[in-house]
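Biologist: Could we go through this model together? I should like to begin with its overall layout.

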Amino acid sequence: MTPNSGSFVFDIHEIGRKAHPLKVLLVEPQKSRKYHTPYPPLALLKLATYHERKGDFVKLENGISENGFEPDTIYITSLFTYAWEPVHEAIRFYSNRYKKARVIVGGVYASLCPDHLKERFGDRIEICGGVVPELDALLPAYWLIPEWKTSILFSSRGCIRKCPFCSVPQLEPKFEARKSIKHLIYPGHRKVVFWDNNILVSPYWRNIFSELEESGLKVDFNQGLDARLLTEETVLRLKRLKAPIVRLAYDTKGVKESVKKGIGLLKNTGISGRRIVVYCLFNYLDTPTDFVERMKDLLSWGVVSYPMRYQALEPGPKDSYISPNWTKEQLE
Ligand code: SF4
């Protein structure tokens with residue numbers, strides 16, 4: 001993805017051209033109910049690899065902390081837009097504490113809402129919007145978090161679909177795929193989690209599946225597989241992987257037949273309904289009746305449903321958006 005235009009553009013090459021080793025602080029906002037993720041900050045770990053290769057000194061931090069490390073460059077990451085407050089807290093603290101340091105903010109919220117950040121912090125911060133290709137190809141610095149045993153990776157970016165409720169077309173407008181993911185699996189890890197938005201679109205999915213099969217590692221296509229792209233071949237290849245859970249999405253009634261057919265293919269291959277989890281969007285253009293019908297469909301098809309409440313892309317408290325077709329009471 002191309003970075004944001006304007007004076008807030010972050011340029012990794014410019015950072016890398018410094019003559020002396022940098023002291024780089026990588027900050028994940030304080031994990032809490034307001035900033036919840038079970039995963040480590042992948043982009044920060046890739047930045048760690050990038051800077052370590054340049055000979056820079058790197059420190060990874062969660063939340064606000066003073067540790068005697070005087071950085072000259074600070075990266076702060078962000079999650080989805082409703083989790084913006086802990087990001088602001090981190091920016092406030094670190095930009096005041098280290099007044100001479102560059103402060104670069106990235107991640108989903110920073111990419112989707114640069115103006116919201118700009119209004120509050122102006123020129124004190126730089127915003128890194130979207131994906132930086134040079135970083136994306138790097139193995140994250142898992143050695144900084146030795147207790148973590150799962151490799152998280154993207155074999156592709158973007159998606160060919162343009163679902164109006166989804167931020168992917170904005171964050172990753174172009175579909176791009178890599179041929180191999182072997183180099184993104186960290187030695188000693190026991191599992192691989194894919195964050196691809198639509199891996200089955202990749203022209204290299206067969207090769208990726210072969211690499212996974214050879215690795216013998218557990219696999220989770222965490223963002224779900226596109227039911228419209230399931231075929232006898234894909235489900236047979238899937239069956240050969242150690243994928244305890246297969247995730248699909250049934251976000252609108254428009255994909256009913258594809259989801260039904262995909263579930264049928266999976267079950268015919270011997271993947272039981274208990275292992276098929278289907279995300280089910282609500283609180284968007286649907287109505288409560290429509291949502292209940294989709295849930296009933298999933299029940300009748302014998303799979304596990306996973307309701308997903310639509311969240312607005314604009315910053316605001318989690319679960320504050322209420323679709324005109326729903327009421328607050330219906331959503332509670
Ligand atoms: S298929 Fe999934 S990733 Fe692609 S645009 Fe739709 S919701 Fe987003």
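Biologist: Which domains does the assignment give for the chain?
Modeller: The chain is assigned domain 1 (12-133) and domain 2 (137-331), with bounds taken from an automatic or database domain assignment. This is a predicted model, in which local features need pLDDT of at least 70, side-chain atom pairs count only at pLDDT 80 or more, and totals for chains, interfaces and linings use all residues. Residues are numbered from 1 along each chain as its sequence is written, and side-chain values use heavy atoms, leaving out hydrogens and water.

Biologist: How far apart are the C-alpha centres of the two domains?
Modeller: The centres of domain 1 and domain 2 lie 28 Å apart. Their contact (heavy atoms within 4.5 Å) takes 26 residues from domain 1 and 28 residues from domain 2.

Biologist: What share of contacts with a separation of 6 or more is between residues 24 or more positions apart?
Modeller: Such residues account for 77% of those contacts in the chain.

Biologist: Changing topic, what is the radius of gyration?
Modeller: The value is 21 Å, which agrees with the figure near 20 Å for a compact globule of 332 residues. The radius is taken over C-alpha atoms, and the globule rule is 2.2 Å times the number of residues to the power 0.38.

Biologist: And what does the C-alpha trace span along its principal axes?
Modeller: The trace spans about 60 × 50 × 35 Å.

Biologist: How much of the chain is buried?
Modeller: Buried residues (under 20% relative accessible area, 1.4 Å probe, protein chains only) make up 50% of the 332 residues.
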